[in-house]
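Biologist: Please take a close look at the empty space inside this protein, beginning with the cavity and what surrounds it. I would then like the second largest pocket treated in the same answer.

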Amino acid sequence: MKIKSLILSAILTSVFSNAAIAGGGHEHEHKDESSAVGKPAEKSQASKIIYLSTEDTMRFKFESTPDLKDGDIVKFVITNKGKIPHEFSIGDAKEQQAHREMMRKMPNMVHEDGNTVTIAPGKTKELTWQFKAGNEVVFACNIPGHFEAGMFTKATVASSKKQTNSKDERAINQIISGIKYGWENGDGKPFRENFLDFKGARYIESGGQNSGLDSLVNHHVEPEKDALDFLSLDFSNIEITFEKNFAWAVADTRVKGKVKKSGKSFDKSGYQTFLFRKLNDVWKVVHTHSSSRDYKPTAHKH
């Protein structure tokens with residue numbers, strides 16, 4: 001009996017191993033994901049974040065309409081709210097057509113690529129992409145039958161408006177990324193490095209104000225790491241305007257966190273304004289103003 005059991009076990013192992021190799025659940029990886037509409041990017045470089053969900057109605061639901069410009073680095077956060085797997089893929093029409101043809105041959109393929117992710121029911125995946133103006137962008141689910149049922153969204157990428165300010169824009173986006181890191185980690189260093197500390201400085205946070213940089217860092221930023229279990233802050237749709245050595249940036253905000261003492265979680269959305277001044281060829285923050293309220297998702301039509 002023991003010998004028969006060992007033989008049966010060996011046969012079953014062989015059968016299931018061969019079946020896995022032959023057909024089901026392939027993991028698919030591409031080394032070069034460059035596209036006619038851009039290329040993959042590191043999420044730490046993202047200047048925008050866009051949330052969306054996949055639905056079994058064969059639709060993508062974007063929380064905000066994709067507003068894309070040449071050079072934008074966007075982190076997409078995709079949640080599968082359905083009961084079957086879905087896919088989120090970025091490309092132009094020709095690339096998506098080729099992808100669908102491949103998926104018809106290997107319908108169980110699971111993607112974890114620079115331009116495509118497969119999302120299991122109830123799971124969330126992220127994909128970060130740098131956009132290039134030119135061809136129309138198609139966001140698609142190419143699992144057989146899904147695209148044909150309407151699971152795609154098209155968008156255009158606008159040409160960059162201010163090429164002459166690209167260096168300055170990068171500098172300001174980098175400062176904003178540092179501010180995000182500082183808030184999330186209770187670290188005052190990015191504020192002390194990038195803010196201009198001067199008499200009369202005021203930094204306003206949702207109705208309260210901090211007079212001077214020390215007040216902001218010592219009483220607001222650094223205490224967060226002890227008061228909160230976690231804090232997540234995202235800036236999106238950042239618009240930067242320059243006027244000689246002065247600049248201002250306006251961004252949409254989404255902040256989530258949990259208070260240690262009470263255990264209360266919060267999820268708020270709103271807006272942030274930054275004022276900058278350029279001194280000795282270095283941009284410095286001279287004023288900030290934020291406002292937020294409890295987050296309420298809005299419905300968007302396909």
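Modeller: Helix H3 (166–185) and strand E18 (265–279) each supply at least two residues of the lining of the largest cavity. The model is a predicted one, and the structure holds one cavity of 30 Å³ or more. The volume of the largest cavity is about 40 Å³. Its wall is made up of Ile 179, Trp 183, Phe 191, Phe 195, Glu 205, Leu 216, Gln 272, Phe 274 and Thr 288. Sorted by class, that lining comes to six nonpolar, two polar and one charged residues.

E18 also takes part in the second largest pocket, where it supplies at least two residues of the lining. The same holds for strand E3 (48–55), strand E16 (228–243), strand E17 (246–259) and strand E19 (282–294). Of the contributors, E19 gives the most, with four residues. The pocket encloses about 530 Å³ of space and is lined by 21 residues. Those that lie nearest its centre are Asp 252, Thr 253, Ser 269, Gly 270 and Tyr 295. By class, the lining of this pocket has nine polar, six charged and six nonpolar residues.

To put the two side by side, the lining of the largest cavity includes one charged residue, while the lining of the second largest pocket includes six. E18 supplies at least two residues to the cavity lining and at least two to the pocket lining.

Notes. Residues are numbered from 1 along each chain as its sequence is written. This is a predicted model: local features need pLDDT of at least 70, side-chain atom pairs count only at pLDDT 80 or more; totals for chains, interfaces and linings use all residues. Side-chain values use heavy atoms; hydrogens and water are left out. On a 1 Å grid over the protein atoms alone, a cavity is a set of points where a 1.4 Å probe fits but cannot get out, and a pocket is an open set with protein on both sides within 12 Å along at least five of seven lines; lining residues have an atom within 4 Å of a point. Grid points are joined across faces, edges and corners, and a volume is the space filled by probe spheres set on the points. Ala, Val, Leu, Ile, Met, Phe, Trp, Tyr, Cys and Pro count as nonpolar, Asp, Glu, Lys and Arg as charged, and the others, Gly among them, as polar.
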